[in-house]
Amino acid sequence: MATTEECRGALDRLSDNLAKADGDVRSAATLDRSLSCHIRDLDLTFTGRVTAGRIAVLDTLEGPPPEKADIRLEMTGDDLVAMVDGRLDFAKAWASGRVRLEAGFRDLLRLRTLL
């Protein structure tokens, strides 16, 4: 089971990857939206913002997200680490229910480029 530190590190690496992206991926990553990432097996939530092509994690809270963020992710810590490391395909994990992504329709259209 991934630790809190490993999950936070995975989010930092994902942010770095978004910052280095170009083309359609870079355009999709320039959203300015609140973000929550609930890690089910650790029962903790990272909250922050997607802004300027990066993910800024602002807080780590126990339990599910206290507020509804614009973009909401939910998964296990192992799945988060595996996706960022390229060992788990997001689209397949999402289709199978291992990963949940909730966002407004317009955000989903922009985020599809990242998936």
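Here is a walk through this chain, from its overall layout down to a few single residues.

Keep in mind that the model is predicted. The chain holds five helices and five strands, and reading from the N terminus the order of elements is α-α-β-β-β-β-α-α-β-α. It is 115 residues long, and 40% of those residues count as buried. If you look at contacts with a separation of 6 or more, 60% of them join residues 24 or more positions apart. On the outside, the chain exposes about 6,500 Å², with carbon and sulfur atoms supplying 50% of that area.

A good place to start is the run of strands. Strand 2 covers residues 44–51 and strand 3 covers residues 54–62, and the two pair in the antiparallel sense over eight bridges. One pair to pick out on screen is Val50 and Ile55, which are bridge partners. The hairpin made by strand 2 and strand 3 has two residues between the strands, and Ala52 there takes a positive phi near 55°.

Stay with these strands and look for empty space. Searching the whole structure for cavities of 30 Å³ or more turns up one, and the largest cavity has a volume of about 40 Å³. Which residues line the largest cavity? They are Leu11, Leu35, Cys37, Phe46, Thr47, Gly48, Arg49, Ile55, Ala56 and Val57. Strand 1 (33–39), strand 2 and strand 3 each give at least two residues to this lining, and strand 2 has the largest share, with four residues. By type, the lining divides into seven nonpolar residues, two polar and one charged. Ile55 thus turns up in two roles: it is the bridge partner of Val50, and it is part of the cavity lining.

Next door in the lining's list of elements is strand 1, which is home to Ser36. Is Ser36 buried or exposed? With a relative accessibility of 1%, it counts as buried, because the cut-off for buried is under 20%. Setting aside neighbours within four places in sequence, Ser36 is in contact with Thr45, Phe46, Thr47, Pro65, Ala69, Ile71, Arg72 and Leu73. Two of those partners, Phe46 and Thr47, also appear in the cavity lining.

Now move on to helix 3, residues 77–84. This helix is mostly covered, as seven of its eight residues are buried. The buried ones are Gly77, Asp79, Leu80, Val81, Ala82, Met83 and Val84. What do they pack against? Their partners are helix 1 (4–20), strand 1, strand 4 (71–75) and helix 4 (90–95). Just after helix 3 comes Gly86, with a positive phi of about 85°.

Asp79, one of those buried helix 3 residues, leads to the last stop, Arg98. Arg98 sits in the loop between helix 4 and strand 5 (100–103). Although 19 residues separate Arg98 and Asp79 along the chain, their C-alpha atoms are 7.8 Å apart. Not counting residues up to four places away in sequence, Arg98 touches Arg40, Glu74, Met75, Asp79, Leu88 and Ala93. Even with those contacts, Arg98 is partly exposed, at a relative accessible area of 39%. Ser36, by contrast, counts as buried at 1%.

Terms used
Residues numbered from 1 in each chain as written. Predicted model: local features only at pLDDT ≥ 70, side-chain atom pairs only at ≥ 80, totals over all residues. Heavy atoms only, no water. Buried < 20%, exposed > 50% of the residue type's maximum accessible area, 1.4 Å probe, protein only. Contact = heavy atoms within 4.5 Å. Areas by Shrake-Rupley, 256 points an atom, 1.4 Å probe, with all protein chains shown as cover. Pairing = 2+ DSSP bridges. 1 Å grid on protein atoms, 1.4 Å probe; cavity = no way out; pocket = protein on both sides within 12 Å on 5 of 7 lines; lining within 4 Å. Points joined across faces, edges and corners; volume = space filled by probe spheres on them. Nonpolar A, V, L, I, M, F, W, Y, C, P; charged D, E, K, R; others polar.
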